[in-house]
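Hi everyone, thanks for coming. Let me walk you through a structure that is new to most of us, one piece at a time.

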Amino acid sequence: MQTTWWQEAYMSVRVLLPTAFTKHTGGKKELDSSASNLSGLVADIEKTFPDLALHLKDETGHLRKFINVYVNDEDIRFLGNEKYEFKDGDEVMLIPSIAGGC
Amino acid sequence: MSSVCSYELRCRECGRSYGNQPLSICDECFSPLEVFHDLEAARGVFTRDAISKGPHSIWRYRALLPVPEGFESDLAVGDTPLFRAPHLEKKIGAGKLYIKNDAVCLPTLSFKDRVVAVALANARAFGFDTVGCSSTGNLANAVAAQSARLGLKACILIPADLEPAKILNTQVYGARLVRIDGNYDHVNRLCSQIADRFNWGFVNVNLRPYYAEGSKTVGYEIAEQMGWKLPDNVVVPMAGGSLITKIKKAFAELIALGLVEEKKVRFFGAQATGCSPISTAVKTGNDMEPQKPSTIARSLAIGNPADGPYAKKAILESGGWAEDVSDEEVVAGIQMLAEAEGIFTETAGGVTTAVTKKLIAQGRIKEGETTVLCITGNGLKTTDVLTELYATEPAVRPRLKDFEEYLSSLNALPTTASADADNLVAGGVHVR
């Protein structure tokens, strides 16, 4: 669904960051973003927290492989990843991988 | 590295050191942390002789386990049987097959007792009075039992649809059990947030690097029980992907310290097709993609396994492979191992057995090779997948005549026309 300029201007998603990031964010664990997709959102995080920007991506410029992105409880990879368009009120969580099972 | 401790946490990717603390993620590159042992400090201490004088449990390998100074445990975890499986060999046509039977690992009948024992030793040292985990069942049982024994409070989170036996086997120890309306990956994610918020020791979140080292004891035991020799192949079930990498690490440590001769062991990973992110990545050569699990092998149903990339690397480096099997093959695998060797394993063991059969049929495991199947859990916990296969038998009156009539009624059935003893006794429906 295409968003119009006025929707974009008011659109806001809440972004929650893990504790592992807080060393580079001055202790902050949240931000609001008006990005429309994942790369826009990562750019927003980098702009808000320039220190974190030094750590967030690997040498190929992608988000590091052990960082998972969830949108309203769903892994963004199940929603189309980069193609997913954020909607107003979306809650986005970045969480490092954790293990279980054998 | 501190003078009293021969191990510490290091980032698996960038190598940064973190000492010893309840932490599992590198705050520089956000990759997982792993326990690094100073093998030189263990040389001369971790010897065949010293181990043979140790207790009959995982604690005989203590010199290479991250256990804090002063910690003593009287809990006999591990030291499970390893034995040849001649009937299974005949059935699936392989060389020498051995079963490593953690279906009888104490105290809660799965290999998870090993990892929890090591994690909780550290939980105490870090000062936690409450521990927890996200679990597909076996881990829940192990945390509940061992925290009770150590006098720690436990809060355990599970997917709401878990097998009833695994739920009961957690509640009985007095643990707080929280059913989460979601799959394991949802539960896991919530636990990482809880561990951030509360000062609790989550065995598979902030204690994960210590916990994972407990899996090495499966590898140490296999080598010692084979007379300090390594097998040609090992078949390991994969959920989070950690166990297979830790058995490989254990073998590498034994080689480095001269306890076994150098040998390239091939590692084979086993998954259920309904949740096969790691085996798919191995077979296609692509990066691992998460999946939404749909399989009866719920103890392996982790759609986004954190150690998946490491498991894939370990398998391919070793010259091994990974395979996955359907739910029907899982059940057939459970029945095959039970009927052939008298071992009743849970669905994960059915996966391992069925995948081994498949790998032999593909020629990836060959005649003349020695192969160890890692059976990680007990069938009594997942009886629900079998109940429909075994009909309730009619009650026969306690008279010899009635018994004879009962036998002839069985003979009259077309499926048991040959009426040999096997057919008379075996009442199950075979799905294979």
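Before anything else, one working definition: a residue is called exposed if 12 or fewer other C-beta atoms lie within 10 Å of its own, and buried if the count is 20 or more. Please also keep in mind that what you see is a predicted model.

Let's start with helix H6 of chain B, residues 164-171. Which residues of H6(B) are exposed? They are B:Pro164 and B:Leu168. On the other side of the helix, B:Lys166, B:Asn169 and B:Thr170 are buried. Why do I speak of sides here? Because those buried residues cover an arc of only 100° around the axis, they sit on the same side of H6(B). As general background, an α-helix has 3.6 residues a turn, so residues three or four places apart point the same way. And what covers the buried residues of H6(B)? The cover includes helix H5 (138-150), strand E7 (153-159) and strand E8 (176-180), which belong to chain B as well.

Staying with chain B, let me point out a detail of the backbone. B:Leu106 and B:Pro107 are joined by a cis peptide bond, with omega at about 10°. To find B:Pro107, look in the loop that runs between strand E5 (96-101) and helix H4 (112-125) of chain B.

Now over to chain A, for two asparagines. A:Asn72 is not a glycine, yet its phi is positive, about 45°. You'll find A:Asn72 in the loop between strands E3 (67-71) and E4 (74-75) of chain A. Is A:Asn72 buried or exposed? With 12 other C-beta atoms within 10 Å, A:Asn72 is exposed. The other one is A:Asn81, again a residue other than glycine with a positive phi, this time near 55°. A:Asn81 lies in the loop between E4 and strand E5 (91-96) of chain A. A:Asn81 also counts as exposed, because it has 12 C-beta neighbours inside 10 Å.

Finally, let's bring the two chains together. How many residues does each chain give to the contact? Chain B gives 38 and chain A gives 22. On the side of chain B that touches chain A, helix H7 (184-197) and helix H10 (242-256) each supply at least two residues. The largest share there, 6 residues, comes from H7(B). Sorted by class, that side of chain B has 17 nonpolar, 14 polar and 7 charged residues.

That's my tour, thanks for listening!

Conventions. Residues are numbered from 1 along each chain as its sequence is written. Chains are lettered from A and ligands numbered from 1 in the order in which they are written. This is a predicted model: local features need pLDDT of at least 70, side-chain atom pairs count only at pLDDT 80 or more; totals for chains, interfaces and linings use all residues. Helices (H or I, at least four residues) and strands (E, at least two) are DSSP runs, numbered from the N terminus. Two residues are in contact if their C-beta atoms, placed from the backbone, lie within 7 Å. Ala, Val, Leu, Ile, Met, Phe, Trp, Tyr, Cys and Pro count as nonpolar, Asp, Glu, Lys and Arg as charged, and the others, Gly among them, as polar. The arc is that of the directions from the helix axis to the C-beta atoms.
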